[in-house]
Amino acid sequence: MGRGRVVVTGGAGFIGSHVAEAFRAEGWAVAVADDLSRGRQSAVPPDAELWVVDVGTARFAELVAAFRPDVVVHLAAQVSVAASVEQPQEDARRNVLGTVAVARAAWQAGARRLVAASSAAVYGIPHRLPVPEEHPLQPLSPYGVSKLATEQYVRVLAEQAGREWCVLRYANVYGPRQRSEGEAGVVAVFARAALRGQSLPVHGDGGQTRDFVFVADVAEATLRAACVPRAAGQVFNVGTGRETAVLELARRLWAAAGRDGEVPLRFEPPRPGDVRRSVLDVGRAARELGWQARVELERGLVLTLADREAVGEG
């Protein structure tokens, strides 16, 4: 799917490392920029360059200029909703100012396209389901606000520079290399508990739904966003278009882990601002990118459980 030179920010992290692998598999020259605050050097493809650097620094801009990428994929971010509530200024510094720095470095180095990761968090409480890209944008947390600002900065800075841009709004991404410590995805948290035979923690009543999309599918969508000409200047939802309740996820994961009997659940207070139902309309990605999620949930859970190091069992 084309070849060139790409910089992947946050490329030592969960999603970023899979994106870097997808580009390498297509023959791209890949440079990974990551401060390793959450990412792991071992996750970076061995034939990719690794820059241990903060994307907001002059050093990052120098490295990008020397590498001269065709495309920059921006995944580095502060991803904790709770942290954004506690420290909104830090969230804005990393997500908003970090994005501005990445965009400026990309254009100064001559990159033709910037692909930026956003989130379904920009939608807030859905007015209709599945949620299309045209849905009103009313985020409920500083994290959602910073992601929305990221989208707008990417668009405006690209248009001012006469370059191409594309934004991807990821659903609930899961899969190998997703950590279960801290505020991890519910799949990683459930996986760790299931492998240990422990009760699965459920916030609220478990009836809330999410669109769980496997990380390899997300990496494929990101690769296409960098390569497909008509992706330029567009925003895409990246999900499965299928709604799964948290209790159903718990049941499927418990079975995938080879556990028998009723799933042991530990109910905890609901998280403030938690959206009750969420599932994305992915029709635009199918039409414009020729992409759709291929990994079914059961298969994805098996692959996630096999990555025991990530879920704390290695």
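Helices (H or I, at least four residues) and strands (E, at least two) are DSSP runs, numbered from the N terminus. With that in hand, let's walk through a few places in this model.

This is a predicted model, in which local features need pLDDT of at least 70, side-chain atom pairs count only at pLDDT 80 or more, and totals for chains, interfaces and linings use all residues. Residues are numbered from 1 along each chain as its sequence is written, and side-chain values use heavy atoms, with hydrogens and water left out.

**Helix α2**

Helix α2 covers residues 58–67, and its buried residues (buried means under 20% relative accessible area, exposed over 50%, partly exposed in between, with a 1.4 Å probe and protein chains only) are F60, L63, V64 and F67. Seen down the axis of α2, they fall within an arc of 100°, so they line one face of the helix; the arc is that of the directions from the helix axis to the C-beta atoms. An α-helix has 3.6 residues a turn, so residues three or four places apart point the same way. On the other side of α2, A58 and A66 are exposed. The buried residues pack against β1 (5–9), β2 (29–34), β3 (49–52) and α4 (88–108), where contact means heavy atoms within 4.5 Å. Just after the helix comes R68, with a positive phi of about 55°.

**Three residues side by side**

Here are three residues from other parts of the model.

| Residue | Place | Relative accessibility | Class |
|---|---|---|---|
| F267 | strand β13 (residues 265–268) | 49% | partly exposed |
| P88 | helix α4 | 42% | partly exposed |
| Q208 | loop between β8 (200–203) and β9 (209–210) | 8% | buried |

F267 joins L247 and L265 in a nonpolar patch on the surface, with about 250 Å² of accessible area together. Accessible areas come from the Shrake-Rupley method with a 1.4 Å probe, and for residues only the protein chains shown count as cover. Patch members have over 30% relative accessible area and no salt bridge (a side-chain nitrogen of Lys or Arg within 4 Å of a carboxyl oxygen of Asp or Glu); like charges are joined within 9 Å, nonpolar side chains (Val, Leu, Ile, Met, Phe, Trp, Tyr) within 5 Å.

P88 touches A83 and P142, not counting residues up to four places away in sequence. From V32, P88 is 56 residues apart in sequence and 27 Å apart in space, C-alpha to C-alpha.

By the same contact rule, Q208 touches H203, T244, A245, V246, D274, V275 and R276, not counting residues up to four places away in sequence.
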